[in-house]
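User: Please go through the labels attached to this entry. For each one, I want the value and the criterion behind it.

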Amino acid sequence: MVESGIFYGTLVDPLLTSMRQRILPKIKKGETVIDVACGTGAQVFILAGRAAQVTGVDLSQSMIDYASKKLQKNGLKNVTFFTADATRLEQFVDKSFDVATMTLALHQFEPGLYEPILSEMKRIANRVVIIDYAVPLPKNYTGVASHAIEFFAGIEHNRNFKLYCKAGGLNSILPEHGIKIQKSVFIAKGAFQLVIAASN
Ligand SMILES: C[S@@+](CC[C@H](N)C(=O)[O-])C[C@H]1O[C@@H](n2cnc3c(N)ncnc32)[C@H](O)[C@@H]1O
């Protein structure tokens, strides 16, 4: 798996800004948000324009270091980053946040991790908002580009992406793990799906 903040921050994040902004209307002003597997923090900084407080967590210390450096530069006062394993978020008590978000991360986890990660997101927040690949991907430019990006992201990443697709993507995985989809929209020419769910 490619875990370099410089790779994501320079090559991937700039392509995704408008897609990331689609999450903003799903957050109410004044809400508290945790972004799980936050990577470079690109989604966190966008959420910070609307939420009262945003916490970004990621297992990779180098990603958190990269995000923290960006935070020092932009000076946002309502953002915090922590290194944490999404399968064990025990430092956060039940329902500590209004919303738990996860963008473009579920597809890269091995399927055995779906249950602990989604259970933790449900436990610590009242609402769950997830953006990930649509399944099936559209047969247009964005669909082809998505397959190519996943191929070049590495053997393990691509294997997990294929298992995610085989499992049926968010429409199947979320209900199988106790997350009831309340609203769902396809974005970025059908390549991604944004799902809103209540956590209980
Ligand atoms: C594909 S990147 C997506 C990052 C970010 N959400 C975005 O929108 O760009 C996946 C991230 O998941 C993180 N990750 C992998 N395993 C994790 C775990 N067990 N707990 C938390 N983060 C994890 C990686 O370090 C990486 O930053």
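**Labels and their grounds**

Analyst: In this predicted model, a nitrogen atom of the ligand lies 3.1 Å from a backbone N or O atom of leucine 59.

User: What makes that pair a polar contact?

Analyst: The cut-off is 3.5 Å between N or O atoms. At 3.1 Å, the pair formed by the ligand nitrogen and the leucine 59 backbone atom is within the cut-off, so the term applies. For alanine 37, a polar backbone atom is 2.7 Å from a ligand nitrogen. For alanine 86, a backbone N or O atom is 2.8 Å from a ligand nitrogen. The protein buries 94% of the 590 Å² that the ligand exposes when taken alone.

User: What surrounds the ligand, and how does the shell divide by residue class?

Analyst: There are 17 residues around the ligand, with Arg20, Ala37, Asp58, Ala86 and Thr103 the closest. The shell comprises nine nonpolar, four polar and four charged residues.

User: Why is histidine 107 called buried?

Analyst: The limit for that label is under 20% relative accessible area. Histidine 107 has 2% relative accessibility, therefore it counts as buried. Histidine 107 sits in the loop between β4 (97-103) and α4 (114-124).

User: How do you know that the side chains of histidine 107 and aspartate 132 make a polar contact?

Analyst: The distance given for the two side chains is 2.8 Å, and the cut-off is 3.5 Å, so the distance criterion is met. Beyond four places in sequence, histidine 107 is in contact with Asp132, Tyr133, Glu150, His157, Asn160, Phe161 and Tyr164.

User: Why does glutamate 150, in helix α5 (residues 141-152), count as buried or exposed?

Analyst: Its relative accessible area is 3%; the limit is under 20%, so glutamate 150 is buried. Excluding residues within four places in sequence, glutamate 150 contacts His107, Tyr133, His157, Asn158 and Phe161. From glutamate 150 to alanine 125, the C-alpha to C-alpha distance is 29 Å and the sequence separation is 25 residues.

User: Which residues touch the most other members of the largest nonpolar core?

Analyst: They are Phe81, Met102, Leu106, Leu118, Met121 and Phe192, in a core of 58 residues. Strand β5 (residues 125-133) gives this core its largest share, six residues. Leaving out residues up to four places away in sequence, methionine 121 touches Val36, Ala100, Thr101, Met102, Val128 and Ile130. In soluble globular proteins, nonpolar side chains tend to be buried together.

Notes. Residues numbered from 1 in each chain as written. Predicted model: local features only at pLDDT ≥ 70, side-chain atom pairs only at ≥ 80, totals over all residues. Heavy atoms only, no water. Near = heavy atom within 4 Å. Polar contact = N/O pair within 3.5 Å; in protein donor to acceptor, adjacent residues only side chain to side chain. Areas by Shrake-Rupley, 256 points an atom, 1.4 Å probe, with all protein chains shown as cover. Nonpolar A, V, L, I, M, F, W, Y, C, P; charged D, E, K, R; others polar. Core = buried A, V, L, I, M, F, W, Y, C linked by side-chain atoms within 4.5 Å. Buried < 20%, exposed > 50% of the residue type's maximum accessible area, 1.4 Å probe, protein only. Helix = DSSP H or I, 4+ residues; strand = E, 2+ residues; numbered from the N terminus. Contact = heavy atoms within 4.5 Å.
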